[in-house]
Every structure is written in C-alpha cells, then in structure tokens.
Amino acid sequence: MIELDGSAGEGGGQILRSALTLSMLTGQPFRIQNIRANRSKPGLMRQHLVAVQAAAEVCGAQTEGAQVGSLALTFTPGAIRGGDYRFAIGTAGSCTLVLQTLVPALLFANRPSTVRVVGGTHNPMAPPAHFLQRAYARTLADLGATVDFQLHRFGFYPAGGGEVTATILPCSGLRPFEWMSRGERVSAYAESFVAGIPAGVAKRELEGIRAGMGWEASQLRECILPADQGPGNALLITLEYEHVTEVFTAIGEKSLRSDVVARLVIKEAQRYLASDGAVGEHLADQLMLPMALAGGGRFTTAKVSLHGRTNAHVIERFLPVRFLFDEQSGVYTCSVESSTGRETQFS
C-alpha cells in the first residue's frame with residue numbers, strides 16, 4: 001500500500017489523478033490522506049469523485065472514502081479493461097481532467113476504448129478540450145500512442161453539459177521522445193468562442209488580440225456557438241510549430257471586460273514566446289506521466305512549476321524512474337530516466 005499525503009507540494013487534485021492512473025497501470029494500491037488540502041474547498045469535489053469512480057470502473061477497483069468532501073481515499077485496483085465508457089460529472093467540473101486520468105491507463109488495455117465524459121469543457125482552472133486535441137494528443141503521438149479527442153458540445157461554468165470523447169487504441173509500449181526545440185512556426189491564430197452572449201464580446205476580444213499580438217485579420221476567428229451551449233465565453237491562442245503545438249486560454253466571466261480577457265491570454269502566450277523552452281508550463285506538467293511510462297525522454301521549458309515537481313514526486317513513488325531538472329540561462333531541461341535500467345511492463 002503506497003501512502004500519499006495530499007497536502008504535499010502543490011497540494012491539489014493532480015496528486016490524486018496521477019495516483020489513480022499509476023495505480024491502474026502498476027496494480028499497486030494506494031491510500032491518500034489530506035486530499036486537496038491546499039485548496040479553498042479541500043477534499044473530493046464532484047469532478048475528482050467522478051475521476052475516482054471512472055478509474056474504479058475501468059479496472060474493477062475497490063475503494064474506500066469515495067464520496068464528495070472526503071479527505072481520504074483507499075484505492076485497490078484490478079485489471080484494466082478496454083471498452084466503451086460514459087461518465088457524467090453532473091456539474092461544470094472538468095471533462096478534460098477526468099479524461100487525462102483514464103487515457104494513459106487505457107493505452108495498455110486489452111482492446112480499444114471509447115470514453116465519453118459530460119461536464120465542463122472550458123474551465124478557468126483546467127486545460128480546455130482544444131488543448132487535449134491540439135497539444136496533448138500530438139505529444140502522445142510522438143510517444144507512439146494513438147488517441148483521438150472529439151469535442152461534441154461546449155460546456156461552460158456553471159451549467160456544464162459539454163461532451164468530450166476520447167478514442168484510445170492499445171499500444172505495446174510507449175517510446176522515449178525529446179522535445180528540445182519548437183522548430184519553425186507553422187501557424188498562429190486566435191479564436192473567441194461565445195454562446196448565449198452578444199457576438200460583440202468576441203469582436204472586442206479579437207480586437208484586443210490584434211492590437212496586443214500585432215496579428216492580421218486572417219489570424220482572428222470569431223466562433224458563435226448555439227445559444228443553448230451557454231452562456232459562456234472562451235478565448236484561445238494556438239501556436240503550432242514544427243515539433244510542438246501550444247494552446248493558451250482565458251475564460252470570460254461576467255465581471256471581466258473583454259479587453260481584460262484578451263490581456264490575460266496574451267500575457268500567457270507572450271511569456272511562452274519570450275522563452276526558448278519547447279513546451280509551456282502546463283504542457284510540461286502533462287508530459288511528465290506519459291514520458292515516465294515510456295521510461296525516458298526530455299523536454300525544455302521556461303518554468304517547472306510546483307505543480308509539475310509535485311507530479312514528478314508522485315510518479316517516482318509508483319514507477320522505477322527519476323526526474324532530473326537542469327536550468328541553464330533561464331531554460332529548464334526536464335528529463336526522466338529509469339532508476340533500475342529495466343523496462344517497466346504494464347497490463
């Protein structure tokens with residue numbers, strides 16, 4: 001039984017999600033105390049509970065403490081089973097975080113899988129569905145995985161109701177890969193998605209992008225969604241390069257002016273552009289677990305967050321790997337290597 005402290009490091013939900021994924025893959029049970037202790041509302045929220053329930057269904061696990069508000073959980077996994085799954089969060093909790101818990105495990109299932117999750121698709125504190133489609137799926141493909149994400153319906157806070165599907169093909173193993181540079185830029189564009197709110201919001205946000213980024217009209221896309229998918233608004237900047245794709249997001253809220261939303265996403269994109277790192281801070285966090293499953297790899301990034309370092313520590317508890325962080329001239333190289341010299345087998 002692996003014992004974990006949910007208040008360690010960043011102290012958020014990623015500790016739980018990574019533990020669920022790795023427990024499914026390795027067959028090692030775990031017990032976690034102080035779940036999300038560093039959050040304003042500690043314990044399991046609805047989206048975290050659905051991730052636990054989904055993981056348990058996928059591998060036939062036994063659980064103790066799986067209820068909303070629980071500060072402790074015991075998870076004893078069984079064998080991973082491929083198939084067709086559907087999970088409803090019931091709130092605007094993040095679909096993408098539930099999918100990121102399941103997808104790495106289902107890569108090693110006995111047959112292909114389709115996972116449909118209903119809930120929030122564009123949340124302030126989680127990667128949007130477009131990030132999974134454009135950035136995360138591309139890095140998984142580099143590692144040898146075949147995963148397809150489809151956004152069927154947008155879901156904004158507080159209504160939720162969005163739908164995202166992941167189709168996962170089993171693989172015999174992931175291969176190490178290195179993302180050391182971005183390569184040449186292929187495309188750069190901004191999208192403003194609005195549903196059930198005036199179209200002028202999108203126009204003002206994109207005007208802010210045009211002025212702040214110095215972009216042309218052809219790089220600005222106004223996307224008016226059906227009103228029943230709102231009310232809601234998301235502003236995205238996508239930067240596609242030869243070796244990597246990055247997606248930056250700001251979520252519109254009633255109290256935020258359009259120009260403020262534009263400045264928020266511009267700040268993220270410009271921070272990335274000012275660095276020589278291949279991947280951004282959030283993609284760096286998400287790369288660590290699949291890279292560890294491959295048993296090796298490297299990437300460069302401008303910042304290794306506390307979130308990322310905490311994730312690395314959890315991964316090292318389950319897998320015979322170690323993470324190394326080396327900083328030179330403001331750029332970090334994150335590498336993972338086997339601590340035993342042997343390839344890890346998953347089933």
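According to an unreviewed UniProt entry, the annotation "domain: RNA 3'-terminal phosphate cyclase" covers residues 9-323. In the predicted model examined here, the end C-alpha atoms of this span lie 16 Å apart. Helix accounts for 35% of residues 9-323 and strand for 27%. A further annotation in the unreviewed UniProt entry, "domain: RNA 3'-terminal phosphate cyclase insert", is assigned to residues 182-273. Over residues 182-273 the end C-alpha atoms are separated by 10 Å, and the chain is 33% helix and 37% strand.

The domain assignment divides the protein into four parts: domain 1 (1-78), domain 2 (80-173), domain 3 (185-274) and domain 4 (280-346). The pairing of domain 1 with domain 4 was examined in detail. The C-alpha centres of domain 1 and domain 4 are 21 Å apart. At their interface, 17 residues of domain 1 are in contact with 13 residues of domain 4. The two domains bury about 1400 Å² between them, and carbon and sulfur atoms contribute 74% of this area. On the side of domain 1, the residues that lose the most area to domain 4 are Glu10, Leu22 and Leu25, which together make up 38% of what that side buries.

With respect to specific interactions, 0 salt bridges are found across the interface of domain 1 and domain 4. Polar contacts, by contrast, are found there for 4 residue pairs, with both residues at pLDDT 80 or more. Two secondary-structure elements, β1 (2-5) and α1 (13-26), each supply at least two residues of the side of domain 1 that touches domain 4. Helix α1 provides the largest share of that side, with 9 residues. By residue class, the side of domain 1 that touches domain 4 consists of 8 nonpolar, 7 polar and 2 charged residues.

Although no salt bridge is found across the interface of domain 1 and domain 4, the structure as a whole holds 11 such interactions. One of these salt bridges joins the side chains of Glu178 and Arg298, with an N to O distance of 3.1 Å. Because Glu178 lies in strand β9 (residues 177-179) and Arg298 in strand β14 (residues 296-301), the pair ties together parts that are 120 residues apart in sequence.

How values were computed:
Residues are numbered from 1 along each chain as its sequence is written. This is a predicted model: local features need pLDDT of at least 70, side-chain atom pairs count only at pLDDT 80 or more; totals for chains, interfaces and linings use all residues. Side-chain values use heavy atoms; hydrogens and water are left out. Domain bounds come from an automatic or database domain assignment. Contact means heavy atoms within 4.5 Å. Buried area is the accessible area (1.4 Å probe) that two parts lose on being put together, summed over both. A salt bridge is a side-chain nitrogen of Lys or Arg within 4 Å of a carboxyl oxygen of Asp or Glu. A polar contact is a pair of N or O atoms within 3.5 Å; within protein, one must be able to donate a hydrogen and the other to accept it, and residues adjacent in sequence count only if both atoms are side-chain atoms. Helices (H or I, at least four residues) and strands (E, at least two) are DSSP runs, numbered from the N terminus. Ala, Val, Leu, Ile, Met, Phe, Trp, Tyr, Cys and Pro count as nonpolar, Asp, Glu, Lys and Arg as charged, and the others, Gly among them, as polar. UniProt positions are given in the numbering used here, feature names are shortened, and annotations may be inferred rather than shown by experiment.
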